[in-house]
Structures are given as C-alpha cells and as structure tokens.
Amino acid sequence: MRKTRISMLLLCIAGAAAMLAPVCMRVREAAAAQRKSTVPSPHWIDGGCKICHEGDGAAHRAIAPEAVDDLCLKCHDGAKAAAEFHPVHRKFEETASIAKPNGWPVVNGLLACATCHDIRYPCDPKKNPAALNRNFLRDYSLRRTQGQPFCQNCHIEKAYRKINPHEMLLDRAAPVHAQPQAASGPATQPATLPADAMVLAGGREIIEEKCLFCHTKPLDRNALKRTEKSFLKTDQATLCRDCHPRHKDPMMQSHLGLALKPEMLALMYVREQMGLAGAPSATILDQVAKAGLRPKMMVAAAGNTVVCSTCHNPHQNGVFPATSDLDYRSMRYNRQQKLVSPVHEQVWCRQCHSM
Ligand code: HEC
Ligand code: HEC
Ligand code: HEC
Ligand code: HEC
Ligand code: HEC
Ligand code: HEC
Ligand code: HEC
Ligand code: HEC
C-alpha cells in the first residue's frame with residue numbers, strides 16, 4: 001500500500017500533471033482523509049444537504065449570498081476543517097494586475113468563498129461528480145493543471161514584478177575585514193595591510209534587505225552550524241505562505257507537521273553523509289538510530305515535525321561557506337537562469353524514504 005501510493009505520487013511529481021490530474025486528486029483525497037477535521041464533511045454526501053440548507057425535507061431553502069461565507073467559515077477555521085489560504089473579503093476590482101473573469105460573483109464588491117468556489121456545483125453530485133472538480137472551482141477543467149493557471153484567471157502574471165527574496169547575492173565580490181593571516185592565508189594579501197582594511201574576498205556580497213524579508217535581524221553568513229535561533233519574522237507556515245500560498249504538489253504540502261520518526265531521522269542522517277545513491281544497510285541504520293544520531297542539515301521543527309525548510313533550503317548557494325551545514329542543498333540557478341530548489345528529481349524523496 002505504502003509503496004503504491006509513493007509511486008503514484010512520483011508519477012504526479014514527474015510532470016505529466018495534466019494527464020494525471022485525476023490520479024493526483026485521489027492522492028490529495030487520501031491526504032485530506034489523514035487530516036483530522038473535527039466536524040463531518042457535508043460535501044458530496046447524501047445527507048449533507050440539510051447540514052447547510054435548513055431542512056424543509058426535499059425543498060432546500062435558498063441561502064443568501066451574504067450568509068455564505070459565515071456558513072463556510074463556521075467549519076473552515078483551520079481547526080474544525082481545513083482553512084483557505086487565499087485572502088477573502090478584499091476588494092475585487094479590475095486593476096493593472098487583477099482581472100475579473102466573467103460571471104464570477106462578488107459580495108458587496110468583496111472577494112468571497114463563492115467568487116472562486118462554485119458552491120452550486122456540489123449541490124447536485126449526480127450531475128456534477130466530485131471526481132471532476134473536487135474543490136468545485138469555477139471554470140475548472142481537469143485538463144488544466146492546478147495552481148498557477150487557476151490563479152491566472154485573476155492575477156495577470158505579467159503585471160507582477162516578483163520580489164524574489166531567495167536571490168540574495170550581488171554580482172559584486174564581498175568586502176571583508178582583513179584578518180591577520182596565518183601562514184596558510186592567501187598569498188595575494190599584502191602583509192602590511194591594516195587589520196581593519198576592506199579587501200575583496202572570493203565570495204559575493206549579500207543583499208542584506210533580502211535577509212530581512214525573513215529574519216528580524218541580520219545573521220552571520222559565516223556560520224558553519226545552526227544555533228537553532230533563526231530570528232524569523234513569524235512562523236514558517238505564515239512566512240512562506242505569504243508568497244507561496246499553494247504548493248504545486250499538494251501531497252508535499254500535506255507533509256507539513258508530520259512527525260519524523262526515529263528510523264527516518266536515522267536514514268536522513270545517513271543520507272546526509274552518503275548522498276542519495278545506493279541503499280544504506282539495515283545494520284547501519286539500526287546503529288545510527290540506536291546512537292540517536294540526527295540529521296544536521298535537513299532540520300525539523302520542534303517535536304521533530306516537518307516544516308518547509310526541512311525539505312527546502314531557502315538560501316541561495318554561496319551565501320554560506322560551502323562547508324557550512326546551512327549550505328546543504330541550497331538554491332541554485334538552473335539552465336533557464338531560474339533559481340530553484342534541488343528537490344525536483346524523483347530520487348530526492350530518498351532523503352527520508354527508503355525506496
Ligand atoms: C456546504 C454547504 C452546502 C451543501 C452541503 C449543500 N448546499 Fe446547496 N447551496 C449552498 C449554498 C451556499 C447555496 C447558494 C449558492 C448561490 O447563491 O449560488 C446553495 C444553493 C442550492 C440550491 C439553489 C437554491 C436557490 O433557490 O438558490 C439548491 C436547489 C441546492 N443548493 C440544493 C442542494 C442539495 C440537493 C444538496 C445536497 C445534495 C445541497 N444543496 C448541499 C450550500 C450547500
Ligand atoms: C459542517 C461543516 C462544513 C461546512 C459548513 C462547510 N464545509 Fe467544506 N469541508 C468540511 C470538511 C470536514 C471537509 C473535509 C475535510 C477537511 O478539509 O478538513 C470539507 C472540505 C471542503 C473542500 C475540499 C473538497 C473536499 O471534498 O474535500 C472545499 C473546497 C470546501 N470544503 C469548501 C467549502 C465551502 C466553500 C463552504 C461554504 C459553502 C463549506 N466548505 C462549508 C466541512 C464543512
Ligand atoms: C481566490 C480564489 C479562492 C477563494 C476566494 C477561496 N478559495 Fe478555497 N480554494 C481555492 C483553490 C484554487 C483551491 C484548490 C487548491 C489546490 O488544489 O491546491 C481551494 C481549496 C479550498 C479548500 C480545500 C483545501 C484543502 O487543503 O483540501 C477549502 C476547504 C477551501 N478552499 C475553502 C474556502 C473557503 C471556506 C473560502 C471562503 C472563506 C474560500 N475557500 C475562498 C481558491 C479560493
Ligand atoms: C477570483 C479572482 C482571484 C483568483 C482566482 C485568485 N486571486 Fe489572489 N487575489 C485576488 C484579489 C482580488 C486579491 C486582493 C488584491 C488586493 O488586495 O490588492 C488577491 C490577493 C492575493 C494575494 C495577496 C496579495 C497581497 O497583496 O496581500 C496572494 C498572495 C494571492 N492573491 C495569490 C493567489 C494565488 C496563488 C491564486 C491561485 C491559487 C490566486 N491568488 C487566485 C483575486 C484572485
Ligand atoms: C525566504 C526566507 C529567508 C531569507 C530571505 C533568508 N533566510 Fe536565513 N533562514 C530562513 C529560515 C526559514 C531559517 C531556519 C531554517 C534553517 O535553519 O535552515 C533560516 C536560518 C538562517 C540561519 C541559521 C540560524 C541558526 O543559527 O539556527 C542563518 C545564519 C541565516 N538564516 C542567515 C541568513 C542570511 C545571511 C540571509 C541573507 C543573505 C538569509 N538568512 C535570508 C529563511 C530565510
Ligand atoms: C516533504 C517535502 C516538502 C515540504 C515539506 C515542502 N515542499 Fe515544496 N517542494 C517539494 C518538492 C518535492 C517539490 C518539487 C515538485 C515538482 O517538481 O513538481 C517542491 C516544490 C516547491 C516549489 C516550486 C514549485 C511550486 O509549487 O511553485 C515551491 C515554491 C515550494 N516547493 C515551496 C514550499 C513551501 C513554501 C513549503 C512550506 C509551506 C514547502 N514547499 C514544503 C517538497 C516539499
Ligand atoms: C517575499 C516573497 C517570498 C517569500 C517570503 C518566500 N518566497 Fe520562495 N520564492 C519567491 C519567488 C518570487 C520565487 C521565484 C519563483 C517564482 O517565480 O515563483 C520563489 C521561489 C522559491 C522556491 C523555488 C521554486 C523552484 O522552482 O524550485 C522555493 C523552494 C521557495 N521559494 C521556498 C520558500 C520557502 C521555504 C520560504 C519560507 C522560508 C519562502 N520561499 C519564502 C518569493 C518568496
Ligand atoms: C523531510 C523528510 C521527507 C521527505 C524529503 C519526503 N517525505 Fe514523505 N513522509 C515524511 C514523513 C515524516 C511522513 C509520515 C509518515 C511516516 O512517518 O512514514 C511521510 C509520508 C509520506 C507518504 C504517506 C505514506 C503512508 O504510508 O501513508 C507518502 C505517499 C510520501 N511521504 C511521499 C513522499 C514523496 C513522493 C516524496 C518525494 C517527493 C517524499 N515523500 C519526501 C517525510 C518526508
């Protein structure tokens with residue numbers, strides 16, 4: 001079971017997302033099933049109608065547009081049931097960066113649940129099966145991949161000059177304070193240099209404002225190890241989701257908060273040492289687990305739970321010394337000159353899963 005689900009997900013990740021969307025959605029359902037909601041879902045079930053429509057038997061009482069959001073939020077508060085990450089109740093008008101698709105409703109000029117969700121769709125599950133549009137999104141087609149294309153119904157892509165905080169290095173070499181050099185120091189450095197003189201080091205200068213997108217104060221780029229005090233502006237889920245409200249691969253997002261068990265921590269530790277090729281022997285894993293060795297580079301949050309930065313290093317390669325724990329799997333430019341996270345290859349799942 002475990003194996004088949006993993007290979008199914010690998011297919012989803014492998015890219016043919018459009019063709020495989022139905023498969024991926026089933027996986028998403030499985031993920032949703034694992035999540036603990038404390039209220040029953042009224043959607044797509046026979047007896048569900050009366051949970052939303054105050055019951056008059058067969059005649060379903062209409063629900064006023066102004067009452068809809070309150071109805072949804074009664075359950076979708078992030079605790080009783082999943083919360084929506086997109087802002088609601090913002091003004092929805094045409095601007096240079098926002099388009100209004102035809103027929104998408106607003107409530108008093110504001111963005112509402114029904115703006116994106118076609119609430120009438122699941123009211124007739126026989127005509128509109130869940131499998132074709134599980135989240136009952138408007139103008140939705142399975143041929144379209146989830147995520148970006150749906151967003152572009154309203155967000156005009158070209159109008160966005162995205163601030164990319166991950167691009168943290170200038171094309172300029174970094175000025176550094178000259179250190180009194182030991183005999184092994186660079187030969188090019190004149191011995192007569194005053195101790196506080198600025199010289200050009202090999203590394204590139206960092207853009208400190210970029211660091212301050214995420215950190216409340218500048219941190220040491222020469223750090224070789226973590227102190228586990230990262231002075232983040234807010235918790236990671238909020239910080240990252242401000243700019244990345246949705247994950248292309250929903251299953252990866254649903255990894256958030258899962259606990260890394262001792263066997264997995266042992267595997268992660270070994271992978272950090274040996275890389276992703278080959279398979280470590282059960283004996284080694286056993287020994288590592290017994291010794292309580294833990295990964296130092298792909299770190300978990302409190303309680304050994306998965307956060308965004310367990311999988312992604314949000315820092316650009318070159319910010320930290322190559323020997324730093326913090327440089328592990330940092331972001332690099334690919335051939336298209338896009339700064340990417342080195343997680344896109346399938347084999348990468350082997351960091352944590354033996355497969
Ligand atoms: C999650 C809550 C919810 C569930 C469950 C639900 N509905 Fe609805 N339904 C609504 C909302 C909200 C509207 C109003 C949508 C609008 O204004 O576009 C609506 C509208 C309707 C309407 C149109 C009413 C009118 O006069 O405008 C009918 C008919 C209907 N639903 C039938 C059903 C049936 C049958 C079921 C069960 C299979 C069902 N609904 C389940 C929330 C729900
Ligand atoms: C009685 C509680 C309740 C109400 C009211 C409710 N939902 Fe849900 N909804 C759930 C639960 C429970 C789930 C499934 C588990 C989860 O996501 O936590 C769910 C799932 C969903 C999903 C994902 C599709 C799926 O079937 O898993 C969407 C989209 C959704 N709800 C939107 C809405 C909208 C929009 C409204 C308002 C019209 C609404 N819900 C009203 C409880 C509710
Ligand atoms: C701007 C568009 C937009 C608005 C407004 C919006 N949603 Fe969504 N919602 C989406 C999209 C897109 C998805 C599907 C995400 C995906 O497949 O990853 C979604 C998915 C969901 C889900 C399923 C989440 C999950 O993790 O399974 C729920 C529940 C939900 N929305 C509830 C709501 C509620 C409640 C409101 C109103 C408070 C709302 N949404 C308003 C776009 C929107
Ligand atoms: C129905 C149209 C619509 C759709 C579809 C839509 N958005 Fe939005 N989005 C808006 C509006 C309107 C705002 C509010 C803009 C404002 O306040 O200037 C907004 C705001 C945002 C913001 C907050 C920006 C800020 O300044 O705080 C983010 C992030 C965002 N959308 C991302 C997305 C993503 C990702 C998707 C796809 C899952 C999406 N949106 C789909 C209409 C939409
Ligand atoms: C996109 C958000 C983001 C940006 C931008 C960012 N960081 Fe970080 N940083 C994080 C997160 C998240 C962590 C915690 C996770 C970890 O330790 O890997 C972290 C951890 C660190 C740590 C380790 C703290 C410790 O001792 O445990 C250092 C040092 C650091 N960052 C330096 C920098 C510097 C220098 C810059 C600018 C060149 C920068 N960061 C830019 C998100 C960011
Ligand atoms: C369990 C590991 C894991 C976790 C946790 C995780 N991701 Fe990812 N992420 C991935 C993988 C794998 C991919 C590559 C998917 C692909 O290539 O299709 C990816 C892709 C991405 C991308 C690029 C594609 C896209 O969706 O736009 C972004 C941005 C991203 N993740 C941000 C985040 C943020 C923000 C969080 C926390 C909210 C997070 N990730 C949590 C594994 C993870
Ligand atoms: C200020 C907005 C902002 C914040 C905050 C932010 N990011 Fe990003 N991120 C971007 C932009 C812009 C890109 C460039 C890719 C794009 O155009 O979507 C990007 C790219 C990425 C990618 C590479 C996508 C790929 O294709 O490989 C990952 C992974 C990622 N971010 C993870 C994170 C994580 C984890 C955090 C939180 C620690 C975070 N981001 C916080 C704006 C942001
Ligand atoms: C940072 C470590 C980490 C990475 C990387 C990671 N996972 Fe996971 N994954 C977990 C944890 C923790 C669980 C929770 C279940 C467990 O402990 O076995 C989990 C569970 C799963 C499950 C559910 C298994 C089940 O039997 O219920 C699937 C499927 C899955 N991961 C797929 C993937 C895929 C595909 C990738 C690569 C794209 C990946 N994971 C990368 C940590 C990770």
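**The ligand shells, a helix and a loop residue**

Sorted by class, the shell around ligand 6 holds 9 nonpolar, 7 polar and 3 charged residues. The model is a predicted one, and this shell is a handy place to start looking at it. Altogether, 19 residues surround ligand 6, and the closest are Cys240, Lys248, His255, Cys308 and Cys311. Three helices each put two or more residues into this shell: α8 (236-243), α9 (250-253) and α12 (308-311).

Ligand 7 comes next. Its shell has 19 residues, with Cys240, Cys243, Cys308, Val340 and Ser341 coming nearest. Here the elements that give two or more residues are α7 (208-214), α8 and α12. Helix α8 gives the most, with 5 residues. As for class, the shell around ligand 7 splits into 10 nonpolar, 7 polar and 2 charged residues. Cys240 and Cys308 turn up among the closest residues of ligand 6 and also among the nearest ones of ligand 7.

Ligand 2 sits among 24 residues, of which Ser37, Ser41, Cys72, Cys75 and Ala82 come nearest. Both α3 (49-52) and α4 (65-75) supply at least two residues of its shell, and α4 gives the most, with 5 residues. Going by class, there are 15 nonpolar, 6 polar and 3 charged residues around ligand 2.

The stretch just before α4 is worth a stop as well. Ile63 lies in the loop between β2 (59-60) and α4. Is Ile63 buried, exposed or partly exposed? A residue needs 20 or more other C-beta atoms within 10 Å to count as buried, and 12 or fewer to count as exposed. Ile63 has 14, so it falls in between and is partly exposed. Setting aside neighbours within four places in sequence, Ile63 touches base with Cys52, His53, Val68 and Leu71, in the sense that it is in contact with each of them. One of these, His53, is 10 residues away along the chain, and its C-alpha atom is 7.1 Å from that of Ile63.

Further along comes helix α10 (residues 262-274), whose length can be checked with a bit of arithmetic. The rise is 1.5 Å a residue, so its 13 residues should span 18 Å, and the end C-alpha atoms are indeed 18 Å apart. Within α10, the residues Met264, Leu265, Ala266, Leu267, Met268, Tyr269 and Val270 are buried. Part of what covers these buried residues is α11 (282-291). Right after α10, Gly275 takes a positive phi of about 85°.

Stepping back to the whole protein chain, there are 12 helices and 6 strands. Of its 355 residues, 13% count as buried. Among contacts with a separation of 6 or more, 56% link residues 24 or more positions apart.

How far can the picture be trusted? The protein chain averages a pLDDT of 79, and 77% of the residues score at least 70. Among its elements, helix α5 (residues 113-116) has the highest mean pLDDT, 96, while helix α1 (residues 2-13) has the lowest, 29. Over residues 1-31 the pLDDT stays under 50, and the model has 36 contacts beyond four places in sequence for this stretch. The pLDDT is also below 50 over residues 178-201, a stretch with 19 contacts beyond near neighbours in sequence. Where pLDDT is low, the predicted coordinates should not be read in detail.

Methods. Residues are numbered from 1 along each chain as its sequence is written. Chains are lettered from A and ligands numbered from 1 in the order in which they are written. This is a predicted model: local features need pLDDT of at least 70, side-chain atom pairs count only at pLDDT 80 or more; totals for chains, interfaces and linings use all residues. A residue is near a molecule or strand if its C-beta atom, placed from the backbone, lies within 6 Å of it. Helices (H or I, at least four residues) and strands (E, at least two) are DSSP runs, numbered from the N terminus. Ala, Val, Leu, Ile, Met, Phe, Trp, Tyr, Cys and Pro count as nonpolar, Asp, Glu, Lys and Arg as charged, and the others, Gly among them, as polar. pLDDT is the predictor's confidence in each residue, from 0 to 100. Two residues are in contact if their C-beta atoms, placed from the backbone, lie within 7 Å. The expected span of a helix is 1.5 Å times one less than its number of residues.
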